[in-house]
Amino acid sequence: MIKFQITGTGVELRYEGDSGVYSRWVWDELNKYKKVCISQIFHFRLSDLSNPPIATQDFEVYEYCFQFGIFVDGYVKIPARMLDIKNDLLISLDVTLKRSLFAAERNISIFGRLSKLLEHSNPIVIGGSRHGAIPQDVFIELLKKFPNTHELNRYADARVQTILSQYLDGMKDARGLYESYLNKKTPATSSAKFDLGPLKKLEIEKYTFIRDQIDNALKTKMNWSEKEWQQLMLPFLPLLFSKYIKVLENVTISDYYQSPVKKTNRFIDLALVDANGNLDIVEVKKPFDDTILRKSLYRGNYIPTSELSGSIMQAEKYIFHLLKWGIKGEGILSKKYAPELPAGMEIHISNPKAIIIVGRDQIEGTNMTTSHKLDFEIIKRKYANVIDIITYDDLLRRLNNMISALSY
């Protein structure tokens, strides 16, 4: 049995044999090798023993007392050699010492594992206010996550099943059982908690700034040209659509269908490049009223205006020419925009999509009705190559919703 005893200068580890266990072996080891390993974790020298047994010692009632650690600035300092590791150990006096702090199931040395992962020999610090210390609650959570015997057996079964299931039929789903066990052991609520308050505050400020700029422009800049609206939206696009890292302006692409005898150049006002180099298109139009749905019904349905149909057709045509340009186009665009992209990134024309920002929600000076919104949603979902069709009012609503969600 092991226990830790506080003394005037530090901590002693005291060991005596459990009921029916003869403990003379410890003294025999110390006499023969001048060292001994207690409980498969703790390593002591003969000089660490503060109460050597007498010649006529009755080992059935004898308790070994080993000097284990000394007090240093609010910590117990345990020499690295006593745990057979390369790092000294500092444990805050607030932490109650017990064997389970040092050994996991199957006598796995917790600090032995930790020391092997460290590339330095600086002290390992647990708890307290010292710089670089592992917080006490984090360390306790670590202890809970060390695998027990049942988990290790489940893992071993899963490994065997994964390999042999390719050759043998009728095997239990050991991997499924292992995953099920882990899911039960680690509920979602036990995941690491981070203080995202400062980050959320910055996100709120970002989206508030974008919203206010667009809202102000809608109220005061309706006389702007389409090019000026594109320039307003250009810096906001990677912030609004986070998968994209770069906006390319006035992208020249090749059209081999306009003329049967020569290539024609076409120009995409704005293109987007995502983090993997994939190219998409964004169409930014002026925010006119009555540019989404026609005022009159066609057989009981609201249909897109020529402005919206033209924007969709324009985007579809660009996508058509990009796909026909293919690998050759990828090489040309990658070379041309290399200075604007991360080093080594290549542009890919794999399956381009389009985002269209166009118009307002107003129909004849009033907001869309439920019927308008339903038909508009059907129109948006109709085009396979169009990711989204967004009105400026819809964009403001989305920004307001993001701001509200981040404020909780």
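This passage walks through the sheets, one helix and the charged side chains of a predicted model.

A good place to start is the sheet formed by strands E1, E2, E5, E6, E7 and E10. These six strands make an open sheet in the order E1-E2-E5-E6-E7-E10, and their pairing is mixed. Strand E1 (2–6) and strand E10 (124–126) are at the edges with a single partner strand each, so one side of each has no neighbour in the sheet. From one strand to the next, the twist averages 25 degrees. Within this sheet, E6 and E7 run antiparallel and are joined by four bridges. Ile78 stands opposite Leu89 of E7. The loop between strand E6 (75–78) and strand E7 (89–92) holds Asp84. With a relative accessible area of 59%, Asp84 is exposed. Asp84 also helps to give a sense of scale: its C-alpha is 56 Å from that of Ser350, a residue 266 places away in sequence.

A hairpin comes next. Strands E3 and E4 form it with three residues between them, and Ser39 in the turn has a positive phi of about 55 degrees. E3 pairs with strand E4 (residues 42–45) in the antiparallel sense, over four bridges. Val36 has Phe44 of E4 standing opposite. Which residues of strand E3 are on the covered face, and which on the uncovered one? Val36 and Ile38 belong to the covered face, whereas Lys35 and Cys37 belong to the uncovered one. A general rule helps in reading this pattern: in a regular strand, side chains alternate between the two faces of the sheet.

Another open sheet is built from five strands in the order E11-E12-E13-E14-E15, again with mixed pairing. Its edge strands are strand E11 (244–255) and strand E15 (386–390), each of which pairs on one side only. On average, neighbouring strands here are turned by 30 degrees against each other, direction ignored. Strand E14 (residues 354–357) and E15 run parallel and are joined by four bridges. In this pair, Ile357 stands opposite Ile390 of E15.

Helix H7 (residues 226–233) lies across E11, E12, E13 and E14, and runs at about 125 degrees to E13. Which residues of H7 are buried? They are Trp229, Gln230, Leu232 and Met233. These residues sit on the same side of H7, because they cover an arc of only 160 degrees around the axis. Their packing partners are helix H6 (197–220), helix H8 (237–240), E12, E13, E14 and helix H11 (392–407).

Charged side chains add another layer to the picture. As a general point, side chains of opposite charge can pair when their charged atoms come close. The structure holds 17 salt bridges. One of them joins Lys206 and Glu203, with 3.2 Å from N to O. Lys206 and Glu203 are about one helical turn apart, because three residues separate them along helix H6. Both ends of this bridge are partly exposed: Lys206 has a relative accessible area of 21%, and Glu203 has 25% relative accessibility.

A salt bridge between Lys246 and Glu340 has its closest N and O atoms 3.8 Å apart. Lys246 is in strand E11 and Glu340 in the loop between H9 and E14, so this pair ties together parts that are 94 residues apart in sequence. Lys246, at 25% relative accessibility, is partly exposed, and so is Glu340, with a relative accessible area of 41%.

The salt bridge of Lys285 with Glu283 has its closest N and O atoms 3.2 Å apart. Lys285 counts as buried at 8% relative accessibility, and Glu283 counts as buried at 2%. Salt bridges that share partners also join Asp361, Asp388, Asp394, Arg397 and Arg398 into one network.

Finally, there is Lys286. This residue is in the loop between strand E13 (279–284) and helix H9 (306–336). How far away is the nearest side chain of opposite charge to Lys286? That side chain, Glu228, is 7.2 Å away, and Lys286 is buried yet has no salt bridge. The cut-off for a salt bridge is 4 Å between a side-chain nitrogen and a carboxyl oxygen. Leaving aside residues up to four places away in sequence, Lys286 touches residues including Trp224, Glu226, Trp229, Gly359 and Tyr392. Of these contacts, Trp229 is also one of the buried residues of H7.

Technical notes. Residues numbered from 1 in each chain as written. Predicted model: local features only at pLDDT ≥ 70, side-chain atom pairs only at ≥ 80, totals over all residues. Heavy atoms only, no water. Helix = DSSP H or I, 4+ residues; strand = E, 2+ residues; numbered from the N terminus. Buried < 20%, exposed > 50% of the residue type's maximum accessible area, 1.4 Å probe, protein only. Lys, Arg positive; Asp, Glu negative; His and termini not counted. Contact = heavy atoms within 4.5 Å. Pairing = 2+ DSSP bridges. Axes fitted to C-alpha atoms, helices over the stretch in contact; angles between N-to-C directions. Arc of directions from axis to C-beta.
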